[in-house]
Amino acid sequence: MPLNPNLIDILRDEKAPIVILTGAGISKESGLHTFRDPDGIWARYDISEVATPEAFVSNPDLVHHFYNDRRAGLHDPDVQPNAAHLALARLEAEWPGDVLLVTQNIDDLHGRAGSKNLIHMHGELLKICCNHCDLLTDWPGDLAKETPCPRCGKPGGLRPHVVWFGEMPLEMERIYAALGDCGLFISIGTSGNVYPAAGFVQVAHEEAGAETVELNLEPSSGATSFDHSRYGPATELVPAFVA
Ligand code: BJW
């Protein structure tokens with residue numbers, strides 16, 4: 001096998017299912033911040049004050065401000081899918097086997113790039129839900145503490161459709177089923193600090209015997225768990241790897 005194998009070198013079975021996990025690093029070159037880099041979101045905000053259910057109860061104004069700001073950032077016309085998002089959408093369209101893309105990102109850049117078999121395991125920034133009823137709807141604009149729910153009419157219950165610490169990530173059954181059956185697991189642009197996503201590499205390796213690949217700017221916390229790795233910017237690594 002070549003020193004820096006690409007997807008085709010690793011996957012000789014051309015129909016093998018592929019599971020891809022992405023994190024904030026894939027959207028960095030589109031102009032969105034990561035979380036744990038020195039210039040990241042957690043350098044400016046305290047996680048416990050904006051990304052927990054307890055924070056939403058004690059200071060909903062701050063939590064809404066945090067997500068309103070990020071929603072506005074996502075609407076910046078300069079924020080567009082980059083070469084890495086586009087390469088993954090192309091892979092899904094062209095690979096003869098299943099490709100499941102699981103993103104921890106709440107931005108909509110994978111969808112805009114054309115990925116269809118996509119799970120937003122930490123939710124979606126442009127959606128809201130209601131703590132009082134079962135509303136889940138698109139919400140591109142600002143949200144405030146007093147905004148009444150468009151379905152049940154009650155104020156105070158609307159929240160961003162995002163998964164905070166201590167909450168259950170979305171579609172876990174479907175994700176674990178795909179991990180247990182894949183031939184290749186690729187992790188892109190994630191620091192490997194947040195579970196359960198950080199544990200997916202072990203599941204793919206142990207349950208499916210899958211080959212595992214990390215594509216990241218630098219070795220992640222779980223780097224030694226991967227069979228193969230390449231380090232550099234996602235816009236260079238991803239198109240080259242899936243080409
Ligand atoms: C580039 C680049 C470029 C830069 N190119 N690369 C097991 C052990 C220990 C703890 C736990 C455990 N299981 C669960 C936990 C608790 C907790 C957890 O993991 N804590 C850890 C901090 C220890 N997990 C949870 O609470 C999760 N829920 C859960 O497990 O439910 C089950 C359960 C429920 C109830 C009771 C018991 C169990 C939920 C986690 C929710 C995460 N939420 C956030 C914020 C919400 C969404 C938002 O506002 O955006 O999600 S936190 C934040 O981190 C966000 C991200 O999706 C997530 C991951 O970050 P990511 O994507 O990895 O970003 P960074 O910044 O960390 O890394 C970026 C990487 O890119 C870096 O490596 C750079 O080098 C690289 N990079 N530029 C390529 N150009």
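In strand S7, the bridge partner of Leu21 is Ser187, and this pairing is a good place to start our walk through the predicted model. Strands here (DSSP runs of E, at least two residues) and helices (H or I, at least four residues) are numbered from the N terminus. Leu21 and Ser187 belong to a pairing in which strand S1 (residues 18-22) and S7 run parallel over five bridges; two strands count as paired if DSSP finds at least two bridges between them.

Before going further, a word on the ground rules. Because the model is predicted, local features need pLDDT of at least 70 and side-chain atom pairs count only at pLDDT 80 or more, while totals for chains, interfaces and linings use all residues. Residues are numbered from 1 along each chain as its sequence is written, and side-chain values use heavy atoms, with hydrogens and water left out.

Let's stay with S7 (residues 184-188) for a moment. Five of its five residues are buried, which leaves the strand mostly covered; buried means under 20% relative accessible area, exposed over 50%, and partly exposed in between, with a 1.4 Å probe and protein chains only. In a regular strand the side chains alternate between the two faces of the sheet. In S7, Leu184, Ile186 and Ile188 point one way and Phe185 and Ser187 the other, and all are buried.

Ser187 has a partner in another strand too: in S8, the bridge partner of Ser187 is Glu214. S7 and S8 (residues 211-216) pair in the parallel sense, again over five bridges. From S8 we can step on to strand S9, since four bridges join S8 to S9 and the two run parallel. There, Leu215 stands opposite Arg230. S9 (residues 228-231) has a split character: His228 and Arg230 point to one face and are buried, while Ser229 and Tyr231 point to the other and are not.

Now to another set of strands. Six of the eight residues of strand S4 (residues 123-130) are buried, so S4 is largely enclosed by the rest of the structure. Here the pairing is antiparallel: five bridges join S4 to strand S6 (residues 158-162), with Pro160 as the S6 partner of Ile128. S4 also pairs in the antiparallel sense with strand S5 (residues 136-138), over three bridges, and in S5 the partner of Cys129 is Leu136. S4 and S5 form a hairpin with five residues between them.

The loops have their own points of interest. In the loop between S7 and helix H10 (200-208) lies Pro196, which is joined to Tyr195 by a cis peptide bond with omega of about 10°. The loop between S6 and helix H9 (172-179) contains Glu171, a residue other than glycine whose phi is positive, near 55°. Glu171 counts as partly exposed because its relative accessibility is 41%.

Glu167 is found in that loop between S6 and H9 as well, and at 24% relative accessibility Glu167 counts as partly exposed. Leaving aside neighbours within four places in sequence, Glu167 is in contact (heavy atoms within 4.5 Å) with Pro53, Arg159 and Val162. Pro53 is 114 residues from Glu167 along the chain, yet their C-alpha atoms are separated by 7.9 Å.

Lys15 offers another view, from the loop between helix H1 (7-10) and S1. Lys15 is exposed, with a relative accessible area of 61%, and it touches Trp95, Pro96 and Gly97, not counting residues up to four places away in sequence. Lys15 and Trp164 are 149 residues apart in sequence and 36 Å apart in space, C-alpha to C-alpha.

Finally, let's zoom out. The chain has eleven helices and nine strands. Its radius of gyration, taken over C-alpha atoms, is 18 Å, close to the 18 Å that the globule rule (2.2 Å times the number of residues to the power 0.38) gives for 243 residues, so the chain is as compact as a globular protein of that length. The C-alpha trace spans about 60 × 35 × 30 Å along its principal axes. Of the 243 residues, 51% count as buried, and residues 24 or more positions apart account for 64% of the contacts with a separation of 6 or more.
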